Amino acid sequence: MSTLRFKALAELPFKSYRKDNFVDVPAKLSELYCQNVFSEETMREYLTKEAFTSILDAIRKGTKIQRHIADQVAVAMKDWALSKGVTHYTHWFQPLTGSTAEKHDSFFTPIGGGRAIERFSGALLIQQEPDASSFPNGGIRNTFEARGYTAWDPTSPAFIMGTTLCIPSIFISYTGETLDYKTPLLRALNAVDEAATDVMKSYFDKNVSKVSPTLGWEQEYFLVDTALYQSRPDLVLTGKTLLGHAPAKGQQLDDHYFGSIPTRVMNFMKELEIECMKLGIPVTTRHNEVAPNQFELAPMFEEANVAVDHNSLLMDVMARVAHKHHFHILFHEKPFAGVNGSGKHNNWSLGTDTGENLLSPGKNPKKNLQFLTFFVNTLKAVHDYADLLRASIASASNDHRLGANEAPPAIISAFIGSQLFGVLEELEKVTDGKLSPEEKTELKLNVVGKIPEILLDNTDRNRTSPFAFTGNKFEIRAVGSSANCAEPMTVMNVIVAKQLKVFKAEVDALIETKGLKKDEAIFNVLREYIKQSKNIMFEGDGYSDDWAKEAKKRGLNNLKTTPEALKKELDKKFVDLYAELGIYSHREFEARNEIKLEKYSTVIDIEARVLADIARNHIIPAALNYQNRLIENVKGLKEIFGDKEFKALAKEQLSLIADISQNVSVIKLGVDELLAAKEKAKNTTGSQKQAEEYCNKVKPLFDNIRAGADALEMMVDDELWPLTKYREMLFTR
Ligand code: ADP
Ligand code: MG
């Protein structure tokens, strides 16, 4: 009997120590909220009035924090943390590896004479030097000068994990290049704040002094029993199964989606929610997803920077809490073939410091024109920079999901609902130049004025679009479940910032040169934007082949693979955009592009090696083992029945023996070919070329090997099959 799989299966929950870990949830979760966060409430308690005001100004207005204030904040943070049993602090940051990083330092400081105190200063709060030579940097930092530093981001609150005070930080090199996800995001948020505030102040509401993008993410994931997870080398090493025959029952019945949440999962979820509450992550919904053992969790939306941090933090916490319940959590976009993969919808909008959602229509025509302004400008931005948005969600793992009839295709289009589409078509007819009083009245009453009613009953929800308007926000649906939301959020906010700047300039020009009134000028500019962006608006089935054809006719790109998307990313237009808005220098952006390409190649390289190993070390031996049993059986039959009779009796066995040989040979040849192709790809120079080589020459070779192995799985005696099967991983709860 093959060991690992059966040992793992023997570990399943009916063993007493693995019984459900029951979790009691306090009647009022709200009482736990922000218990472990250095929140506004806590700051008010621990800080002097001067320091408190100064921090709030930094959060709300982006003002600098003085050194003596930082010292006060550090002491307050330390006192608060010590009161909660904390011993260490760390700058918590998000390097381009895709996970979070921390380096813990103790508050403990010896002061001589055998005495020691707990100490923390403003200098340590503001800046820390992690030994960061091995974080990816795309060649920006030579390893010999591998020095980067982390710097406190006061706009995201510090929090406690275990016995460590975590201080959200940015990560930059000594020469000023960004090495993380957060720094560009903060710059993008600033850019859109500036541009949107300018538009608001000039045309709609003088009282607005800050516009903050909001983000509400929805996180999908799979849970697999830890023992079963450990028994699958592919899951452990690549985060996904590289082979495995689909179970007879998958998601056909939709019974998981509508079913109740299994007890062990429920306990995991409860504990997770308690942890989230304490960390100030406002999770509100949880449910089963489409595939067996797939689930989703979503919080209330928050200001984008905090929401991005919270998503990274959450992924960390989820993994830890899952372990306590003997689950391993899978964030991979496509851990199992044949059932749905996981995504992370990013719901995005813009909110003002006066409490308005700019993508929500209001009570009067002016508010609705304001809505239309931000709505149309967003569509125009997505139209103009569709490829950049596509590139921001590109990864080897997300490639498996996009366009696989369960997630949007790689074509960027926007769904706005037929009624809003109708409104835009009306606006396309607006007169060029000055508008007559009749036209103004008509627009006010029958076009713009109708928007709130339209949205009230806009139940139209197209789930196949990568970019959908859902009543008061846009939902970016193509983001992968394992991604850091910062990247798509950076792009989204940068492109809208740029678009709003252009819009402002164009409207002002019409007012000045043509003497148009403000509203007339806005209508005139929006009219042109609608015409120019119309080809990305699509209301039909995004999963259909017809759409791919139609999109091609419309001239939209369908960048199916990561290397294709990343190649487009370096378009001069995009590089210039980043430079213009001060997000990245050319060099920095190229470095980032290179990191992503290298990551892509590395992922495929690892998958190829793991697949080759499993095929040679697990699958072929198991197949031959079973084949030998069959041969023994056939020999025995021959011995008992003699030459003539045995042929009829052993017919099926003989054909099975031949089939096994056939598949073993497919696998063996496939692996040889794969390893040769992989070697060639590895030796290709230039990151773009190399990624293309892995994508086009290596990856396609996985399929035959897998087909051979999955066919064998159906032939070989279950008792001899070494790899834990899909039905075991997907239906053990
Ligand atoms: P679904 O997409 O599952 O139908 P909802 O439309 O209710 O669900 O909301 C999905 C997500 O949208 C929620 O996580 C919520 O936080 C987020 N959301 C709601 N309003 C906003 C907003 N103004 N900005 C950003 N996200 C928002
Ligand atoms: Mg959604």
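Start by colouring the chain according to its domain assignment, which gives domain 1 (33-180), domain 2 (188-584) and domain 3 (598-731). Keep in mind throughout the tour that what you have open is a predicted model.

Now select domain 1 and domain 2 together, and you will see two bodies whose C-alpha centres lie 31 Å apart. Where they meet, 17 residues of domain 1 are in contact with 14 residues of domain 2. If you colour the side of domain 1 that touches domain 2 by residue class, six residues come up as nonpolar, ten as polar and one as charged.

Next, zoom out to the whole chain and switch to a cartoon view, in which 27 helices and 17 strands can be traced. Taken along the principal axes, the C-alpha atoms fill a box of roughly 105 × 80 × 55 Å. A compact globule of 733 residues would have a radius of gyration near 27 Å, and the 29 Å of this chain agrees with that. Of those 733 residues, 47% count as buried. Among contacts between residues at least 6 apart in sequence, 76% join residues at least 24 apart.

From here, turn to the interior, with one general idea in mind: in soluble globular proteins, nonpolar side chains tend to be buried together. The largest nonpolar core here has 201 residues, and those that touch the most other members are Val73, Met77, Val382 and Ala615. Helix α23 gives the most to this core, with 16 residues. Which residues should you show around valine 382, leaving aside its neighbours within four places in sequence? Select Leu389, Ile412, Ala414, Phe467, Ile495 and Ile536, since each of them is in contact with Val382.

Then move along the chain to helix α25, residues 687-698, where the buried positions include Ser687, Gln690, Glu692, Tyr694 and Val698. Show α21 (562-569), α23 (586-649) and α24 (651-682) as well, and you will find that the buried residues of α25 pack against these three helices.

Finally, centre the view on ligand 1, which has 14 residues around it, and pick out Thr214, Gly216, Phe301, Asn347 and Ser349, the ones that come nearest. The elements that give two or more residues to this shell are β9 (211-225) and β14 (344-352), and β9 gives the most, with four residues. Colouring the shell by class shows five nonpolar, seven polar and two charged residues around ligand 1.

Conventions: Residues numbered from 1 in each chain as written. Chains lettered and ligands numbered in written order. Predicted model: local features only at pLDDT ≥ 70, side-chain atom pairs only at ≥ 80, totals over all residues. Near = placed C-beta within 6 Å. Nonpolar A, V, L, I, M, F, W, Y, C, P; charged D, E, K, R; others polar. Domains from an automatic or database assignment. Contact = placed C-beta atoms within 7 Å. Buried ≥ 20, exposed ≤ 12 C-beta atoms within 10 Å, placed from the backbone. Core = buried A, V, L, I, M, F, W, Y, C linked by C-beta atoms within 7 Å. Rg over C-alpha atoms; globule rule 2.2 N^0.38 Å.
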